[in-house]
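Trainee: I am new to this structure and would be grateful for a close look at a single part of it. Could you take me through one strand and its surroundings?

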Amino acid sequence: MSLRVDILSAVPKLLASPLNESILFRAQEKKLVQIVVHDLRAFTHDKHHTLDESPYGGGAGMILKPEPIFECIESLQAEREYDEIIYVTADGEPFNQKIANELSLKSNLIILSGHYKGIDERVRSAHGGLITRELSIGDYVLTGGELAALVITDAVARLIPGVIGDGESALSDSFQDGLLDAPYYTRPPEFRGMKVPEVLLSGNHKDIAEWRDEQRRQRTIERRKDLIEKHTIGQ
Ligand code: ADE
């Protein structure tokens, strides 16, 4: 089963390069994931292709109009059933690895990225609009939702079996079991006086696994104590 992600944007060019290089590009070539970008402007009908207007009641910034968004999403829904219609926004639910895991098991997702100041509230979940889920990638404000849509697409796509080379490596990532990842080294064994820890050169897989577990725990305590408090395995 493969995943299809439809990303809706007012500035689709912002999405091009990350989707057309490296791992995400190869994943699409291998048909493990299908990522389709839609230009919301194609769903406007006036002479000037107006996508945004100033907000009723005044205030700075422009707001994406509801009609092109509804029209674009409804045209996609006419083709297939969507598991989630996600709007990326700084006031959404905080995105994390657990949500990435969950989304990677779905078949069809829409991700709507806002631009300018925001989108007309009538599109959003609270108003019974088309959106089923609102996600934020962190407590800061971006110029638009495109980068957030890419972050979510990337985190989800790499969990699909076959997308990253090593079947095990997605499971051993930081966060996957609530701990940060261990440090890694490669050749040479000594670089500018800094040596690779002896145990990693020992060839003893049991010792290496124990050392890595310990490093993960230590690193998480040092850097992210909040994660240790939530972590239940192996304490
Ligand atoms: N759009 C603007 N800021 C954002 C954020 N932090 N997360 C998701 N979408 C956004």
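Mentor: The account below begins with one strand, turns to its partners, and then moves to a pocket and a residue beside it.

The model is predicted, so local features need pLDDT of at least 70 and side-chain atom pairs count only at pLDDT 80 or more, while totals for chains, interfaces and linings use all residues. Residues are numbered from 1 along each chain as its sequence is written, and side-chain values use heavy atoms, with hydrogens and water left out.

Strand S6 covers residues 108-113; strands here are DSSP runs of type E with at least two residues, numbered from the N terminus. Six of its six residues are buried, so S6 is largely enclosed by the rest of the structure. Buried means under 20% relative accessible area, calculated with a 1.4 Å probe on protein chains only. In a regular strand the side chains alternate between the two faces of the sheet. In S6, Asn108, Ile110 and Leu112 point one way, whereas Leu109, Ile111 and Ser113 point the other way.

S6 pairs with strand S1 (residues 3-9), to which it runs parallel, through five bridges; two strands pair if DSSP finds at least two bridges between them. Within this pairing, Leu112 of S6 stands opposite Leu8. S6 also pairs with S5 in the parallel sense, again over five bridges, and here Ile111 is the bridge partner of Ile86.

Strand S5 (84-94) leads on to the second largest pocket, as S5 gives five residues to the lining, the largest share. A pocket is an open set of points on a 1 Å grid over the protein atoms alone, where a 1.4 Å probe fits, with protein on both sides within 12 Å along at least five of seven lines; lining residues have an atom within 4 Å of a point. The space in this pocket is about 390 Å³, a volume being the space filled by probe spheres set on points joined across faces, edges and corners. Of its 24 lining residues, Tyr87, Val88, Thr89, Ala90 and Lys117 are the closest to the centre. Strands S5, S7 (118-119) and S8 each give two or more residues to the lining.

Strand S8 (residues 133-136) includes Ser136, which counts as buried at 4% relative accessibility. The Ser136 side chain reaches the backbone oxygen of Gly138 at 3.1 Å. Beyond its neighbours within four places in sequence, Ser136 is in contact (heavy atoms within 4.5 Å) with Thr89, Ala90, Gly92, Glu93, Pro94 and Phe95.

How values were computed: Helix = DSSP H or I, 4+ residues; strand = E, 2+ residues; numbered from the N terminus. Buried < 20%, exposed > 50% of the residue type's maximum accessible area, 1.4 Å probe, protein only. Polar contact = N/O pair within 3.5 Å; in protein donor to acceptor, adjacent residues only side chain to side chain.
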